[in-house]
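Got your viewer open? Load the model and let's walk through it one selection at a time.

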Amino acid sequence: MKTYVNRFHGDHLYLEIDENETASLRSSDFDGLIEKHRRPLQVMVSSDNVRLIGLLVRSGFVLKRKCYEMDVCRADLAAPAADASEAVFEAVRGTPDYAVCAEKMYRYYADTHAAVSPLTASRVQFEGSLPDTVLYSKKNGRIVSAAFIECSEIAYVFSCGTESFADFAGPLLAAMFARYDRIVFEADDTDPAAAELMGAFSVRPETSFDTYVKYP
């Protein structure tokens with residue numbers, strides 16, 4: 001079992017547990033880590049790894065989030081993609097609108113992760129990790145939704161409200177499929193905008209990557 005600290009979520013101790021280790025681990029092993037490090041323990045595990053999940057639940061871990069990895073094409077859309085000609089704007093790092101999107105993304109990310117693993121990185125640190133290109137929408141001159149993209153990946157999304165992202169999701173996907181045959185993104189069930197994006201498709205992965213946390 002490996003332990004490490006995530007530089008963006010420094011309050012928790014992260015664990016990597018090999019499937020072969022499951023039989024030899026005991027609840028007391030996790031209690032020992034809690035006593036030593038005095039911080040919550042966090043593990044990500046595939047939803048089909050029932051042995052490890054069973055061990056975690058018996059040891060006091062709580063399911064906090066489910067993450068779906070989407071790899072989709074236009075044919076997977078639940079409805080035809082909307083027209084992206086006027087609804088989607090694009091900005092790159094160093095421009096004023098990119099800076100606004102990055103600031104809003106930082107706040108949205110912090111809000112949607114607070115109940116799982118609080119964001120501890122500074123805004124400068126976080127913004128440095130964002131892709132250099134963002135697609136976004138405006139309402140009454142104000143940026144309300146955005147997606148940071150890197151090639152065919154939608155890496156981060158935010159919205160000032162689920163209704164505004166629903167309006168943005170169709171044109172965003174039309175813009176992405178105009179550039180790429182397939183796109184990929186992750187959708188957490190704790191992230192309303194990402195969940196809205198996933199809902200635009202008629203397919204869903206059979207397994208998810210689930211986050212479990214054990215508190216002191």
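Start with the charges: colour the 23 positive and 32 negative ones in the protein chain, and you'll find that their mean positions sit 6 Å apart. Keep in mind that this is a predicted model.

Now switch to a cartoon of the whole chain. You should be looking at six helices and ten strands, with the C-alpha atoms filling a box of roughly 60 × 35 × 25 Å along the principal axes. Turn on the surface next: about 11,100 Å² is accessible, and carbon and sulfur atoms account for 48% of that. Of the 216 residues, 46% count as buried. If you draw contacts between residues at least 6 apart in sequence, 73% of them join residues at least 24 apart.

Time to zoom in. Select residues 142-150, which is strand 7, together with residues 153-159, which is strand 8; the two pair antiparallel over six bridges. To get your bearings, pick A147 and look across to strand 8, where V157 stands opposite. Then go to the turn: this is a hairpin with two residues between the strands, and C151 there has a positive phi of about 55°.

Where does strand 8 find its parallel partner? Add residues 182-188: that's strand 9, joined to strand 8 by two bridges and running parallel to it. Pick E153 and you'll see V184 of strand 9 opposite. To trace how the chain gets from strand 8 to strand 9, select residues 162-179: the path goes through helix 5, and this β-α-β crossover is right-handed.

One last thing to try: show side chains along a strand. In a regular strand they alternate between the two faces of the sheet.

Note on methods: Residues are numbered from 1 along each chain as its sequence is written. This is a predicted model: local features need pLDDT of at least 70, side-chain atom pairs count only at pLDDT 80 or more; totals for chains, interfaces and linings use all residues. Side-chain values use heavy atoms; hydrogens and water are left out. Two strands pair if DSSP finds at least two bridges between them. Helices (H or I, at least four residues) and strands (E, at least two) are DSSP runs, numbered from the N terminus. A crossover is right-handed if, with the strands pointing away from the viewer, the path from the first strand over the helix to the second runs clockwise. Buried means under 20% relative accessible area, exposed over 50%, partly exposed in between (1.4 Å probe, protein chains only). Contact means heavy atoms within 4.5 Å. Accessible areas come from the Shrake-Rupley method with a 1.4 Å probe; for residues, only the protein chains shown count as cover. Lys and Arg count as positive and Asp and Glu as negative; His and the chain ends are not counted. The place of a charge is taken as NZ of Lys, CZ of Arg, CG of Asp or CD of Glu.
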